[in-house]
Amino acid sequence: MTLPKNISNRNFWSFLWHAGFLALAKNFMDVDTIIPAMLVEAGGGAMHIGIMTAIMLGGASFTQLFFAPYLSNQTFKKKFLLAGINTRIFALAGLGGLLFLLKGEQVGYVLWLAFLFITLFSLAGAFANVSYYDILGKSVNPRKRKIFFSSNQIISGVIVLGAAFLVKRVLVWKDFPVNYALMFFIGGALLLIASGGFWNIRETVPSNMKISGVRNFIHIMKQELKSNKKLLHFLGFINTQGIAISFLPFVILYAKETFQTQSSDTGNFLLFKVIGIVFVSLLVLLGAKKLKYNVLLYSNVALTLLLGGLAWGISGIDGLKYVFVMGGVVYSLYTMTMNGLLLEISGNENRALYTGFAGAGNILPALFPLLGGTLIQLFGFKAFFALFMIIIASAAFFIFKIDCKK
């Protein structure tokens, strides 16, 4: 598939426009720091963090398995992408309004009512994701995908790095819950601006794959698993390495319970995480033509094990910055490699379908936060860190099986 040069360039810059403003928005709705910190401030414990993380970082992705059959039948997917983004904007505005109105003695209600908007926000993101990867795969030259993903991360990281100081000022400007209400209002407004990039996209390559219901979808999935062994190992990879993205919310809780961290500390945690994202993205961009996916995949497993070890051995609040820097490195590497692998093992016709299949790879990431929350309540954080590292180590087996040469 080759797009006309003017359309290809237009779509490329549209994706970067979205990436830039989405990076700004993510500052104010970060699922690793801001949202879990909001729940902890409202009195949430390990189980609340576990439920939140399961919804946002695993459960929502699992629902792609159900969205994919419907979206794969659509010839063009731009309007569905925009519908998902607009629903997320509504959810952020609703969450901000809830926090703004429920103050003082009413603040306890925020803890559970907030989950309604968090769930809507997450499900809408999963719905939009299926269309996003289908359009992205048709818009970016396969030979430039590693460059695109690393450039995307750097642009996003630099913007987030600059805006992290603003986030910190908003968090300390007002007391809870007004400070977090302002955060979500700003995040929603920036996400609205970010969606302008997709209004500008020209979707010129139609999708011709048709699926007649869920039963047919499951049948096709079985056929693909038999004919494409890399798909099976890819699902194993994201079922194991994928739990890495659910780790930092528990570190937020650990920091609050152990070191009594405050709202200003949350802004610092976000800043350190972004430093890690920018650092590793720059390294990958500089070596994009030489670095193979295998190198990036194995490196991410090793660094994630180091992340778990750092959290295990932390003895003071100053050490938290290293945990969040490493968390940013791991998050960035996982995002680039997972997205890149998905594009590599799928084709233009079945990419939306494969994005749905990838939802099946989020069974363990969806369940792990709930298991982690229970484990922390029963046995403490050390047991949680140990289980985390054991599961991460098993990801190396699936990377060996995938053996991506690109």
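Me: What makes the backbone oxygen of leucine 192 and the side chain of serine 195 count as a polar contact?

Reply: In this predicted model, the backbone oxygen of leucine 192 lies 2.5 Å from a polar atom of the serine 195 side chain. A polar contact needs a pair of N or O atoms within 3.5 Å, so the value of 2.5 Å satisfies the distance cut-off.

Me: Why is serine 195 called buried?

Reply: The relative accessible area of serine 195 is 1%, and buried means under 20%, so serine 195 belongs in that class. Serine 195 sits in the loop between helix H8 (178-194) and helix H9 (196-199).

Me: Which residues does serine 195 touch, not counting residues up to four places away in sequence?

Reply: They are His18, Leu82 and Ile85, and each counts as touching because contact means heavy atoms within 4.5 Å.

Me: How do you know whether isoleucine 118 is buried or exposed?

Reply: Isoleucine 118, found in helix H6 (residues 110-139), has a relative accessibility of 2%. Set against the limit of under 20%, that value means that isoleucine 118 is buried. Leaving out residues up to four places away in sequence, isoleucine 118 touches Ile35, Met52, Ile55, Met56 and Leu95. With one of these, isoleucine 55, the C-alpha separation is 7.8 Å, although the two residues are 63 positions apart along the chain.

Me: What makes the side chain of serine 122 a partner of the backbone oxygen of isoleucine 118?

Reply: The side chain of serine 122 reaches that backbone oxygen at 2.8 Å, and the cut-off for a polar contact is 3.5 Å, so the distance meets it. Serine 122 is also placed in helix H6, and with 5% relative accessibility, against the limit of under 20%, serine 122 counts as buried.

Me: Why is glycine 267 classed as it is, buried or exposed?

Reply: Glycine 267, in helix H13 (residues 263-286), has 2% relative accessibility, and since buried means under 20%, glycine 267 is buried. Lys168 and Leu171 are touched by glycine 267, when residues up to four places away in sequence are not counted. Glycine 267 and valine 167 are 100 residues apart in sequence, yet their C-alpha atoms are 6.2 Å apart in space.

Me: Why is phenylalanine 100 called neither buried nor exposed?

Reply: Phenylalanine 100, in helix H5 (residues 78-101), has a relative accessible area of 39%. Buried means under 20% and exposed means over 50%, so a value of 39% leaves phenylalanine 100 partly exposed.

Me: What makes phenylalanine 100 eligible for a nonpolar surface patch?

Reply: Patch residues need over 30% relative accessible area, and phenylalanine 100 has 39%, so it passes that cut-off. Together with Leu101 and Phe185, Phe100 makes a nonpolar surface patch of about 310 Å².

Me: How do you know where confidence is lowest and where it is highest?

Reply: The mean pLDDT is lowest in helix H1 (residues 5-28), at 66, and highest in helix H18 (residues 381-402), at 90. Over residues 1-7 the pLDDT is below 50, and this stretch has 13 contacts in the model beyond near neighbours in sequence. The protein as a whole averages 78, with 78% of the residues scoring at least 70.

Me: What does the secondary structure of the protein come to?

Reply: The protein has 18 helices and 0 strands, and of its 406 residues, 58% count as buried.

Terms used. Residues numbered from 1 in each chain as written. Predicted model: local features only at pLDDT ≥ 70, side-chain atom pairs only at ≥ 80, totals over all residues. Heavy atoms only, no water. Patch = residues over 30% accessible without salt bridge, like charges linked within 9 Å, V, L, I, M, F, W, Y side chains within 5 Å. Areas by Shrake-Rupley, 256 points an atom, 1.4 Å probe, with all protein chains shown as cover. Salt bridge = Lys/Arg side-chain N within 4 Å of Asp/Glu carboxyl O. Helix = DSSP H or I, 4+ residues; strand = E, 2+ residues; numbered from the N terminus. Buried < 20%, exposed > 50% of the residue type's maximum accessible area, 1.4 Å probe, protein only. Polar contact = N/O pair within 3.5 Å; in protein donor to acceptor, adjacent residues only side chain to side chain. pLDDT = per-residue confidence, 0-100.
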